[in-house]
Amino acid sequence: MKVTLIDYGIGNLYSVSRALEYCGAEVTLSSDPSTIEASPRLVLPGVGAFADGMSGLRERGLIEPIRRYAATGRPLLGICLGMQMLTSASEEFGRHEGLGLIPGNVVPIPTVTTQGQPHKTPNIGWSALTPAADADWSGTLLARTEPGTFVYLVHSYHVVPDDPKAKIATCEYGGHAITTAIRSGAVHGFQFHPEKSGEEGLRMLEVFLHENT
């Protein structure tokens, strides 16, 4: 199964590429707009700040090709910062426009628990996935994942979708339900790192590789 991994100067490309290859994918790393737009399936990885990520896409002329790609209904997965950039905008260090593929905003993780006690950010470590309210994981990239599965996260911000149905999974941090997976049609986002989440994370990537086949 062929998949294009977007290279825009930011992102843990090596580990994501290796994980996809382990799952049987033929991976192409590319920053070429035509290659990205023609890909059968697309992964947008990322680490770091939202504004830097969008600048990397903009400088390489990739924003509109990614939007046109998503409009075709072919599978697209955003990981960590890549998930955040799927949204309308982020509040990280000012307000910055995103790709707008899943309407919503990227906001800070609360700095205090639900009991009012300070807790550290970023949120780093393993957390259990929980279905969001009324979310059905069948037909999503979590279709083969059990609720309570632990995944690995490193983040200070999370997504609040405009449509609550776009939120499919959360994790608890300080008593707060933090968005960890979103979906709209064939556009998917994981705040966590499936490539660093063991066999369960690899299983999610396998589901992505076989979507629409």
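Val47, Gly48, Cys80, Leu81, Gln84, Glu92, Pro122, Val154, His155, Ser156, Tyr157 and Gln191 line the largest pocket. This is a predicted model. The points below cover the pocket, strand E1 with its partners, and helix H6.

**The largest pocket**
- Its volume is about 190 Å³.
- Helix H5 (81-84) supplies at least two residues of the lining, and so does strand E10 (150-155).

**Strand E1 and its partners**
- Strand E1 covers residues 2-6, and four of these five residues are buried. E1 is therefore largely enclosed by the rest of the structure.
- E1 pairs with strand E2 (residues 26-30) in the parallel sense, over five bridges.
- In this pairing, Ile6 stands opposite Ser30 in E2.
- To get from E1 to E2, the chain crosses through helix H1 (residues 13-22). This β-α-β crossover is right-handed.
- E1 also runs parallel to strand E3 (residues 42-44), and two bridges join them.
- Here Leu5 of E1 stands opposite Val43 in E3.

**Helix H6**
- Helix H6 spans residues 198-209, which makes 12 residues.
- At 1.5 Å a residue, H6 should span 16 Å. Its end C-alpha atoms are 17 Å apart, so the two values agree.
- The buried residues of H6 are Gly201, Leu202, Met204, Leu205, Val207, Phe208 and Leu209.
- These buried residues pack against two elements described above, E1 and H1, and against E3. Their other partners are strand E4 (76-79), strand E10 and strand E14 (187-190).
- E10 thus appears under two topics: it packs against buried residues of H6, and it supplies part of the pocket lining.

How values were computed. Residues numbered from 1 in each chain as written. Predicted model: local features only at pLDDT ≥ 70, side-chain atom pairs only at ≥ 80, totals over all residues. Heavy atoms only, no water. Buried < 20%, exposed > 50% of the residue type's maximum accessible area, 1.4 Å probe, protein only. Helix = DSSP H or I, 4+ residues; strand = E, 2+ residues; numbered from the N terminus. Pairing = 2+ DSSP bridges. Right-handed = clockwise from strand over helix to strand, strands pointing away. Expected span 1.5 Å × (residues − 1). Contact = heavy atoms within 4.5 Å. 1 Å grid on protein atoms, 1.4 Å probe; cavity = no way out; pocket = protein on both sides within 12 Å on 5 of 7 lines; lining within 4 Å. Points joined across faces, edges and corners; volume = space filled by probe spheres on them.
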